[in-house]
Amino acid sequence: MESFFSQKRTWADGPYLHFIAVLDDPEYVAFTQAHHDLLTGYGDRVGIVPAPWLHWTAQGVHHQLDEDQVERAVRAAREAAQYAAPVTVTMGPVWPGPSAVTSAMYPEEPLAAINALVRDAVSTVPGVQLREAGDRYWPHSTLAYFRAPDVHDSEFNRQLRKIRPERVEITISRLLAVYMHQDLDLGYYTWTPIAEIPLGATAADASAPEVVCGKAQTTATYRSAPPWGDSDAEYEIEVGRLVVQPPLSESQRRYESFVDRALDDSTYFEDGEPPLPVWPDPVTVACERPSAGGACGSTRLLVRGSWTRPAVIICERGHSWTDTVETMREVIVAAEPAQ
């Protein structure tokens with residue numbers, strides 16, 4: 001037997017980027033806590049994992065990355081995860097291992113598929129080096145880490161096997177990209193979250209509308225009151241994509257002025273008809289927060305503001321910037337609920 005946080009397992013320069021599923025389902029929490037009476041009897045020789053830190057690791061990166069590499073890895077994993085799906089697994093039985101107490105997760109195949117998907121995606125980022133994959137992926141969740149080599153003896157094994165709570169089913173619908181920390185004082189892992197990564201199109205993600213604004217600007221868009229709600233009310237609209245039409249160029253303004261005057265006066269030709277301008281293609285708004293090698297690039301946005309205040313746009317990673325009142329009005333009109 002051995003202490004889990006031995007010299008060979010202790011990170012010299014963490015925290016490290018990991019992709020995990022947080023296992024905070026109440027039934028699984030109760031399942032783990034059924035073992036706490038036994039575990040607490042071993043005092044500080046055991047690091048019992050509290051409910052907020054229960055997790056399954058889909059993939060870890062065990063070396064330092066710069067900010068650009070982290071953002072690219074998260075983006076790659078997010079794009080790949082669209083082709084996955086939520087998975088329901090059974091937690092249990094509990095195993096006393098040589099350095100930790102772990103819960104099995106069955107079936108293993110869909111979890112192994114998620115591991116392979118994330119592994120392949122993250123491996124595309126230059127400079128990322130992953131540990132060699134084993135012959136068979138082993139999904140598990142740790143209840144406690146041994147902090148001394150004398151915990152797992154025959155008596156401990158016997159007492160642990162007597163507990164045997166009913167197995168529970170949980171559903172994993174999203175991963176969390178985190179900076180994973182080894183808390184050697186507490187004897188377990190903690191983390192700082194970076195971004196959520198849905199597995200497939202969950203109901204919440206599918207409900208986010210694609211908002212197209214500026215495609216056909218009308219006086220109705222810029223009237224003095226919003227089409228629904230109160231002028232002073234704060235709106236908060238989640239969008240899957242925000243598509244905007246670029247503002248008119250000088251050639252487009254000249255052409256529109258010509259058309260307006262020609263419609264008002266059929267004899268109006270002045271200098272002749274200007275050439276028909278090319279209307280630029282709509283643009284999908286993406287977060288442009290600078291990083292070491294590019295930009296964030298997130299297109300899942302929350303637009304917040306009112307009919308009389310500018311739009312504050314917040315991407316899924318928490319970066320924010322301010323846009324115009326006109327954009328806020330366009331989003332409000334485009335997202336008007338069906339009557």
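A pocket is taken here as an open set of grid points with protein on both sides within 12 Å along at least five of seven lines, and its lining residues have an atom within 4 Å of a point. In this predicted model, the largest pocket is lined by 36 residues, of which Thr57, His62, Arg131, Trp138 and His140 lie nearest its centre. The volume of the largest pocket is about 1,100 Å³. Two or more lining residues are contributed by each of strand E3 (55-60), strand E5 (100-106), H4, E6 and strand E8 (174-183). Of these elements, E3 gives the most to the lining, with six residues.

Helix H4 (residues 108-123), one of the elements that line the largest pocket, comprises 16 residues, which at 1.5 Å a residue should span 22 Å; the end C-alpha atoms of H4 are 22 Å apart, in agreement with this expectation. The buried residues of H4 are Glu108, Leu111, Ile114, Asn115, Leu117, Val118, Arg119, Ala121 and Val122. In an α-helix there are 3.6 residues a turn, so residues three or four places apart point the same way. Helix H3 (residues 67-81) has 15 residues, for which 1.5 Å a residue gives an expected span of 21 Å; its end C-alpha atoms are separated by 21 Å, which agrees. H3 is mostly covered, since 11 of its 15 residues are buried. The buried set in H3 includes the charged-type names Asp68, Glu71 and Arg78, together with Gln69, Val70, Ala73, Val74, Ala76, Ala77, Ala80 and Ala81.One of these buried residues of H3, Glu71, is also in contact with histidine 319. Histidine 319 is placed in the loop between strand E17 (309-315) and strand E18 (320-322). Its relative accessibility is 14%, and histidine 319 therefore counts as buried, the cut-off being under 20%. With neighbours within four places in sequence left aside, the contacts of histidine 319 are Glu71, Cys287, Arg289, Cys296, Ile313 and Ile314.

Aromatic pairs number 13 in the structure. In one of them, the ring centres of tyrosine 42 and phenylalanine 156 are 5.2 Å apart and the planes meet at 85°, so the pair is edge-to-face. This pair links distant parts of the chain, 114 residues apart: tyrosine 42 belongs to the loop between helix H2 (36-40) and strand E2 (46-48), and phenylalanine 156 to helix H5 (residues 154-163). Tyrosine 42 and phenylalanine 156 are both buried. Phenylalanine 156 also forms an edge-to-face pair with phenylalanine 146, with 5.7 Å from centre to centre and 85° between the planes. Here the partners are 10 residues apart, phenylalanine 146 lying in strand E6 (residues 140-146) and phenylalanine 156 in H5. Phenylalanine 146 is buried, as is phenylalanine 156.

A further aromatic grouping is a single cluster formed by Phe4, Phe5, Trp11, Tyr16, Tyr145 and Tyr189. The ring of phenylalanine 4, a member of this cluster, has the charged end of arginine 9 over it, at 4.6 Å from the ring centre.

Several backbone features were also identified. Most residues other than glycine have a negative phi, and most peptide bonds are trans. A cis peptide bond is found between glycine 14 and proline 15, with omega about 5°. Both glycine 14 and proline 15 are located in the segment before strand E1 (16-22). Glycine 14 has a relative accessible area of 36% and is therefore partly exposed. The C-alpha atom of glycine 14 is separated by 8.4 Å from that of tyrosine 179, although the two residues are 165 residues apart along the chain. A cis peptide bond likewise joins tyrosine 106 and proline 107, where omega is about 0°. Proline 107 is situated in the loop between E5 and H4. Arginine 164 has a positive phi, near 40°, in a residue other than glycine. The position of arginine 164 is in the loop between H5 and strand E7 (168-172), and with a relative accessible area of 65% arginine 164 is exposed.

Threonine 190 is part of strand E9 (residues 188-198). The relative accessibility of threonine 190 is 13%, so this residue counts as buried. Apart from neighbours within four places in sequence, threonine 190 is in contact with Trp53, Tyr179, Met180 and His181. Tyr179 thus appears both among the contacts of threonine 190 and as the residue whose C-alpha atom is 8.4 Å from that of glycine 14.

Conventions. Residues numbered from 1 in each chain as written. Predicted model: local features only at pLDDT ≥ 70, side-chain atom pairs only at ≥ 80, totals over all residues. Heavy atoms only, no water. Helix = DSSP H or I, 4+ residues; strand = E, 2+ residues; numbered from the N terminus. Buried < 20%, exposed > 50% of the residue type's maximum accessible area, 1.4 Å probe, protein only. Contact = heavy atoms within 4.5 Å. Phe/Tyr/Trp six-rings, centres within 6.5 Å; stacked < 30°, edge-to-face > 60°. Lys NZ or Arg CZ within 6 Å of the ring centre and 35° of its normal. Expected span 1.5 Å × (residues − 1). 1 Å grid on protein atoms, 1.4 Å probe; cavity = no way out; pocket = protein on both sides within 12 Å on 5 of 7 lines; lining within 4 Å. Points joined across faces, edges and corners; volume = space filled by probe spheres on them.
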